[in-house]
Amino acid sequence: MTLRATTSQTVGPFFTIGLTRMNRSELAGTGVSGERVTIEGHVVDGDGIPIPDAVIEIWQANAHGKYAHAEDWQDKPLEAGFQGYGRVPTDDSGRFSFTTIKPGAVPGPDGKMQAPHLAVSVFMRGLLKRLVTRIYFPDEAGNAGDFVLNLVEASRRGTLIARAVAGRPGALEWNVVMQGEGETVFFDCGM
């Protein structure tokens, strides 16, 4: 037996072999400033069937709008306990959950500030490359003028905006629909 990927499984499903050490569902440690949020959802295929072996990878700025990355030259504070990175696998029902803080606004390609968002990559069996998308926050004033969000047809923007969970302050729901009706918007990043 070999653990070589087949052509239909180029990206997975071998996420548990040597990669579980990268799993991280808490993106902001104790004492990190910002509004705490828990984002939960499901990854489903075009028929609504849960995908049990996908991985959601998250990158984000801190509450001040600064990335914990050497190439972010902004003169904004970084805080110990914030790495801005998370990686969560889906369970048998396609469910995932992670806790973080709402990021601050970051400059876009034209220097104009972008709405607070999380950059997300989706990995799963059968994909030749990762899928890239974003999570925006509900009722965020900056959403209306966000450069990237405005590249998306108005009728599809809702797939990028998380929804508040009734009765649970700080809880948001955001699902990944791989194809078909309600398909999540994915971006071609040339990678």
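Is D72 buried or exposed? Keep that question in mind while you get your bearings; the tour comes to D72 soon. One thing to know before you start clicking is that this is a predicted model.

**The whole chain**

Begin with everything shown as a cartoon. The protein has 0 helices and 9 strands, so a colouring by secondary structure will pick out strands and loops, as the definition of these elements covers helices and strands. Read from the N terminus, the order of elements is β-β-β-β-β-β-β-β-β.

Now switch on the surface. Its accessible area is about 10,200 Å², and carbon and sulfur atoms account for 55% of that. Of the 191 residues in the protein, 40% count as buried. Contacts that link distant parts of the sequence are well represented here: among those between residues at least 6 apart, 67% join residues at least 24 apart. Several of the stops below show pairs of residues that are far from each other in the numbering.

**First stop: D72**

Select D72 and zoom in. You will find D72 in the loop that runs between β2 (55–59) and β3 (85–89). Here is the reply to the opening question: D72 counts as buried, because its relative accessibility is 12% and the cut-off for buried is under 20%.

Show the side chain as sticks and look for Y67. The D72 side chain reaches the backbone nitrogen of Y67 at 2.6 Å. Leaving aside residues up to four places away in sequence, D72 touches G65, K66 and Y67. Keep Y67 displayed, as it returns at the next stop.

**Second stop: the largest pocket**

The largest pocket has a volume of about 550 Å³. To find it, select W59, Y67, H117, A119 and R134, which are the closest to its centre among the 22 residues that line it. Y67 is the residue whose backbone nitrogen you just saw reached by D72.

Which strand gives the most to the lining of this pocket? Colour β5 and look: β5 gives the most, with 4 residues. Two strands, β5 (117–123) and β6 (131–136), each supply at least two residues of the lining. If you colour the lining by class, expect 10 nonpolar, 8 polar and 4 charged residues.

**Third stop: I39**

Next, select I39 in strand β1 (residues 36–44). I39 is buried, because its relative accessible area is 0%. Show its surroundings as sticks: apart from residues up to four places away in sequence, I39 touches F96, S97, F98, L118, I135, L172 and W174.

Try a distance between C-alpha atoms here. I39 and S97 are 58 residues apart in sequence, and their C-alpha atoms are 5.7 Å apart in space.

**Fourth stop: D45**

Move along to D45, in the loop between β1 and β2. D45 counts as partly exposed, at 25% relative accessibility. Its side chain reaches the backbone nitrogen of D47 at 2.8 Å.

D45 touches I51, V177 and M178, not counting residues up to four places away in sequence. Add Q179 to the view as well: D45 and Q179 are 134 residues apart in sequence but 6.3 Å apart in space, C-alpha to C-alpha.

**Fifth stop: P107 and G108**

Jump to the loop between β4 (95–101) and β5, the place of P107. G108 is found in the loop between β4 and β5 too. P107 counts as partly exposed, at 36% relative accessibility, whereas G108 is buried, with a relative accessible area of 16%.

With P107 selected, show its contacts: beyond residues up to four places away in sequence, P107 touches Q74, K112, M113 and Q114. The C-alpha atoms of P107 and K66 are 9.6 Å apart, with their positions 41 residues apart in sequence. For G108, pick D146 as the partner: the two are 38 residues apart along the chain, and 8.6 Å separates their C-alpha atoms.

**Last stop: D139**

Finish at D139, in the loop between β6 and β7 (163–164). Is D139 buried or exposed? At 84% relative accessibility, D139 counts as exposed. Look at its backbone as well: phi is near 55°, a positive value in a residue other than glycine.

Methods. Residues numbered from 1 in each chain as written. Predicted model: local features only at pLDDT ≥ 70, side-chain atom pairs only at ≥ 80, totals over all residues. Heavy atoms only, no water. Buried < 20%, exposed > 50% of the residue type's maximum accessible area, 1.4 Å probe, protein only. Polar contact = N/O pair within 3.5 Å; in protein donor to acceptor, adjacent residues only side chain to side chain. Contact = heavy atoms within 4.5 Å. 1 Å grid on protein atoms, 1.4 Å probe; cavity = no way out; pocket = protein on both sides within 12 Å on 5 of 7 lines; lining within 4 Å. Points joined across faces, edges and corners; volume = space filled by probe spheres on them. Nonpolar A, V, L, I, M, F, W, Y, C, P; charged D, E, K, R; others polar. Areas by Shrake-Rupley, 256 points an atom, 1.4 Å probe, with all protein chains shown as cover.
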